[in-house]
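Here is a small set of exercises to work through with the model open beside you. Try each task on your own, then follow the solution step by step.

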Amino acid sequence: GGSVWTSLHMMQELLACAFAACAFTVALWIRYGYGGLLDLLLNHNYRPDGKKIESLRPVSFPFGSLLDMMNNPEKTRDRMIEIARRNGGMVVVWEAFSPVVYAFDLKHINLMWNTDFTLNKTDRSLLPSLRTKLLLGNSLFTLDVARWRHLHKIILRAGLGSRHLRGVFPAVCDGGDRIWMKIDKAVQRALSESKKNHVEALGLELNPGIELHPFCREFAISTITSVIFGDAIDEKQGLRLGELVDFFVRKGVNNPLYAIPGATYIPFGESRKVMQTIREIQAIGDVLIQQRSEREAREEVKRDAGDDADGPSRRVGDGPASTSIFDNLKAEAEKGNLSYDEVLDNVYGLMAAGFDTTANAISLSVTMLSLHPVVQMKVRKEIQAALGKGDGSCKDLTYDVVMSSTDLPYLNAVIKETLRMLPPAVKLPARILKRRTEVNGFSLQRGSEISTMQYQTSAMKEHWGGNAKHFYPERFLGEGGVSVECVKGGRFSSFGLGIRSCIGKNLAIMCVKVFLVNLLTRFEISMASHHSRRNWYETTHEFWNMRCVSYM
Ligand code: HEM
């Protein structure tokens, strides 16, 4: 019985593959026609119209570029830059199921940002992925222009706008504190093993035995769920949510299979796993929403009884106690400004967009600071001076210090420089042209997808000068190198470009800063000695060493 079942199962998988292959070809055929299809498959050139643009078919069809990029990011990056230079600043790369034209020249990127590719002339290309639609169907990511405008305003008002961010600062700190205690505990443990007290421990090298990147990820999830729901998520749930969102983003968005209408409903293989993942994310979201509603009800009872024991946020001077983004969106739904589905889809959208990006930004900043001790020392001094009056510890951190443009300029520059060199989103989600558009003599037909690659352009001397490949935060301060102007004109695009750029960027920077202030006021950090720099995205998984610089 078992073997019959296994063969049936295998046959099912084979049939599904055959079905998928046929449907994939037909889908391409319908989209590009017979000639276009042959051109795409046999020719190394993608010919949107008129001039040819060289494509990266040998490494990229159908997913090679991504894998290659992960295995050897620096080599692939340089190769792609080379091809772009030979090609009038354009490269075509096969993404999951369609060719995307990538612009490398600043003038083209400027066009994307400022003039030709504005909101009314482009769309995002997440829509074709049905799996994405299941989780993010009515979210900011996928909506049509008119609805997007409306929703964008509401989400800014709900807490993410620069004028509204003050209200979420306490939630970021509270979410962070819970995770931070882990490091403190690990350091206490290491101290008690070495039989040293805090004073004797100053300057002592310790290894907390905590892996950097998973720790940063927990921090990011905890702070961002605190902002979204008003309560930090419990540890186990947080870790699970991190894994699930990661799996969804990797498998649920990029798989070309999901371009084929029927494939969504194939009930086995990876398709089934992605489906389960979506259900589990939604189940955790439901629990958080339930907890939030219960807490709200309890607080209402307390308020009615005139009991104000919990009081407002313990962080004084930070404006009114915050409500969560979820509460604010729900209130808008009650006023009829959006549907309850839109509330949920956007909450999941913020989680999908915010966790890993922010976690990467944090662990890559820590990595860069470990590799550049002089920069680290300079940042620590700046932080201590900004916190000034108190004992110079992170307890004194306020919203005004974190977000002021003058108090921590060098820390700002360090974060920007990290995001420039190692952008967590290595490329922007493509825009789909709604009309034929000319770029540098290339005529791109309606429906073409176009985008930019942050990881590649950040290494180009045309964008950043001769020191493009070096970590040089000063470039954002205008001291030599490229001036502060470099944040304008499409060079710094790690949060995307134009009106459709990242809505969470201020929140993300706030989280990174809260983390770094906590870290640098307590410890000097360096890479553990066995660290080897094989791959940027791997280094952050290595252990790190810490030296206490203040009393805990
Ligand atoms: C360092 C961390 C982050 C990075 C590097 C990052 C990067 C990006 C990028 C590159 C885009 C695409 C922009 C474009 O197409 O032009 C984007 C969009 C988006 N991000 Fe972020 N992001 C980060 C953190 C966050 C956080 C914390 C949130 C929310 C909690 C968030 C929410 C979003 C949303 C909702 C969009 C879609 C915006 C729209 O379509 O209007 N991101 N982000």
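**Exercise 1: Around the ligand**

The shell around the ligand holds 27 residues, and the closest of them are Arg124, Trp148, Arg431, Leu497 and Cys502; a residue is near a molecule if one of its heavy atoms lies within 4 Å of it. Before you start, note that this is a predicted model, where local features need pLDDT of at least 70, side-chain atom pairs count only at pLDDT 80 or more, and totals for chains, interfaces and linings use all residues. Residues are numbered from 1 along each chain as its sequence is written, and side-chain values use heavy atoms, with hydrogens and water left out.

Task: Find which atoms of tryptophan 148, arginine 431 and leucine 497 lie close to an oxygen atom of the ligand.

Solution.
- Step 1. Begin with tryptophan 148: a polar atom of its side chain is 2.8 Å from a ligand oxygen. A polar contact is a pair of N or O atoms within 3.5 Å; within protein, one must be able to donate a hydrogen and the other to accept it, and residues adjacent in sequence count only if both atoms are side-chain atoms.
- Step 2. Move to arginine 431, where a side-chain N or O atom lies 2.7 Å from an oxygen atom of the ligand.
- Step 3. For leucine 497, look at the backbone: an N or O atom there is 3.0 Å from an oxygen atom of the ligand.
- Step 4. Now see which elements give two or more residues to the shell: they are α14 (340-371) and α20 (505-522). Helices (H or I, at least four residues) and strands (E, at least two) are DSSP runs, numbered from the N terminus. With six residues, α14 gives the most.

**Exercise 2: The iron atom**

Task: Identify the protein donor of the iron atom of the ligand and locate it in the chain.

Solution.
- Step 1. Search for donors, which are N, O and S atoms within 2.8 Å of the metal (3.2 Å for Na, K and Ca); water is not among the atoms, so sites may look incomplete.
- Step 2. The only protein donor is Cys502, through SG, at 2.3 Å.
- Step 3. Cysteine 502 sits in the loop between α19 (461-464) and α20.

**Exercise 3: Buried or exposed?**

Task: Place glutamate 417, serine 324, threonine 122 and lysine 121 on the scale from buried to exposed.

Solution.
- Step 1. Set the scale: buried means under 20% relative accessible area, exposed over 50%, partly exposed in between (1.4 Å probe, protein chains only).
- Step 2. Glutamate 417, in helix α17 (residues 409-421), is buried because its relative accessibility is 0%. A polar atom of its side chain lies 2.7 Å from the backbone nitrogen of tyrosine 472. Beyond residues up to four places away in sequence, glutamate 417 touches His470, Phe471, Tyr472, Pro473, Arg475 and Phe476; contact means heavy atoms within 4.5 Å.
- Step 3. Serine 324 lies in the loop between α12 (269-304) and α13 (325-334) and is buried, at 1%. Its side chain reaches the backbone nitrogen of aspartate 327 at 3.0 Å.
- Step 4. Threonine 122, in strand β5, has a relative accessible area of 5%, so it is buried.
- Step 5. Lysine 121, in the loop between α5 (106-114) and β5 (122-124), is partly exposed, since its value is 25%.

**Exercise 4: Far in sequence**

Task: Say how many residues in sequence separate lysine 121 from threonine 437, and threonine 122 from serine 448.

Solution.
- Step 1. Lysine 121 and threonine 437 are 316 residues apart in sequence, and their C-alpha atoms are 9.3 Å apart.
- Step 2. For threonine 122 and serine 448, the separation is 326 residues in sequence and 9.8 Å from C-alpha to C-alpha.
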